[in-house]
Amino acid sequence: MNIIDKNYFVKINQQTFIDYGQILSKVNIVNFYNSLNHLSSEETKKHSDEFKTPPVYSTVITGTGSAVPEHILTNEDLEKILDTSDQWITERTGMKERRIAKPEEAASDFAFCAAQNALADANVKPEEIDLIIVATVTGDMPFPSTACILQHRLGATKAAAMDLSAGCSGFIYALVTAHQFISTGTYKTILVVGVEVLSKITDWTDRSTAVLLADGAGAAVLRATPDPDRGIIATYLAADGSHGKDLYMPAGGSAIPASIESVQKRLHYLKMNGSAIFKVAVRSMSDVVKRLMERARIATEDIALIIPHQANLRIIEAMAKMLNFPMSRIFVNIQKYANTSSASTIIALDEARRSGRIRVNDLVIMVAFGAGLTWGGVLLRF
Ligand SMILES: CC(C)(COP(=O)(O)OP(=O)(O)OC[C@H]1O[C@@H](n2cnc3c(N)ncnc32)[C@H](O)[C@@H]1OP(=O)(O)O)[C@@H](O)C(=O)NCCC(=O)NCCS
């Protein structure tokens, strides 16, 4: 449909904001907004009330890249330093090996390599980037942001830059944030990076966390397109701060600054209540997928691939069971990389794209949960 008459527009108005993605896929968006000129002021007001900041452009991922440390730490290696076993780690988590950074390597090193790969894949030059968002909880230092360090290293001289902290949901939160800038027409080209060097905040004497955490980075180049049938179709973000202390690093901020005491008490390491997180993770990720399907009015059969946060294979399998969704259409690479937090979903997306698991026109859901607690997801058409 190319031209929207007044009656059709009023009919659209009676639908909820949730229907917006559906409407976008059916109408020519330029004509949709041109049609506003033919409306009475009352109808226009009704439109602006219901649609708040309506998207002008769709957000497409035109390139992805990833980078992980060279050093591979296997379950057998962990057996030598912790009271654990390959059997326990494999059965309880699905993890077999993970990548660990060298002492001299920092988040920006992996972010830089991943970003270069994504830019090459998208055929975009650093000077074309309008904004860089780096999702991380293990940036190079508290400030300046890792995004600013990356901006300088890439030579992305025209880009604004900021870090975003949302635990393992970081890349999803960053993707949704970038989508706001693109859909409103503010920016055309955004680089979104998820990077972690969790090994540097891991307590290597704590077997309940040390076997799970790892290092790596992934990056995506997002661009604006007027094509309403491609790119991000639906998004959902949520948080529940009441569970904050189920997954946190107590010291190093303004609450408990670094001191001899904070170091002696091992407060600069990640602490986790694994079983509490497990339950919330299964519930929240299933809920996100359901909400995205409802918002886009699609069924499970329409989804080509779900790319979940790689925290525990049992969490992913429990989510699949709750959704009655086949594991064959869920992307899993946890056996190779373990939990890389903010980097996990984008490393997985990059691998899925490069290995041919995603084809043109496929509907893909990315979903994650993490410290905060936070959770969220994005539905995209490639
Ligand atoms: C952490 C996690 C793997 C633990 O698995 P679990 O099946 O819940 O195991 P439990 O915590 O109940 O521990 C069971 C036993 O295994 C032991 N254990 C814990 N870690 C172990 C390890 N690495 N090796 C061997 N035994 C271990 C525990 O001490 C406990 O022993 P006990 O029964 O004698 O007390 C699981 O809870 C999990 O994945 N939670 C979510 C974590 C997460 O996603 N975090 C990141 C969020 S983004």
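A residue is called buried here if 20 or more other C-beta atoms lie within 10 Å of its own. With that in hand, the reader can follow this predicted model along helix 12, whose buried residues are Ile-277, Ala-281, Val-282, Ser-284, Met-285, Val-288, Val-289, Leu-292, Arg-295 and Ala-296. The 23 residues of helix 12 should span 33 Å at 1.5 Å a residue, and because its end C-alpha atoms are 33 Å apart, the expectation and the model agree. Just after helix 12 comes Arg-297, which takes a positive phi of about 55 degrees.

Helix 12 also leads to the ligand, since among the elements around it, helix 12 gives the most to the shell, with five residues. The ligand has 20 residues around it, of which Thr-84, Cys-168, Gly-274, Ala-311 and Asn-312 come nearest. The elements giving two or more residues to this shell are helix 6 (86–93), helix 10 (207–210) and helix 12 (274–296). Domain 2 (59–225) and domain 3 (231–381) each supply at least three residues to the shell, which by class holds 10 nonpolar, eight polar and two charged residues.

The two domains appear again in the largest nonpolar core, which has 111 residues, and there Ala-111, Ala-115, Ile-132, Ile-133, Val-192 and Val-193 touch the most other members. Both domain 2 (59–225) and domain 3 (231–381) give residues to this core, so the core lies between them. Val-192 offers a detailed view: leaving aside residues up to four places away in sequence, Val-192 touches Ile-133, Phe-171, Ala-174, Leu-175, Ala-178, Ala-219, Ala-220 and Leu-222.

Key: Residues are numbered from 1 along each chain as its sequence is written. This is a predicted model: local features need pLDDT of at least 70, side-chain atom pairs count only at pLDDT 80 or more; totals for chains, interfaces and linings use all residues. A residue is near a molecule or strand if its C-beta atom, placed from the backbone, lies within 6 Å of it. Helices (H or I, at least four residues) and strands (E, at least two) are DSSP runs, numbered from the N terminus. Ala, Val, Leu, Ile, Met, Phe, Trp, Tyr, Cys and Pro count as nonpolar, Asp, Glu, Lys and Arg as charged, and the others, Gly among them, as polar. Domain bounds come from an automatic or database domain assignment. The expected span of a helix is 1.5 Å times one less than its number of residues. A residue is buried if 20 or more other C-beta atoms lie within 10 Å of its own, exposed if 12 or fewer, and partly exposed in between; C-beta atoms are placed from the backbone. A nonpolar core is a set of buried Ala, Val, Leu, Ile, Met, Phe, Trp, Tyr and Cys residues joined through C-beta atoms within 7 Å. Two residues are in contact if their C-beta atoms, placed from the backbone, lie within 7 Å.
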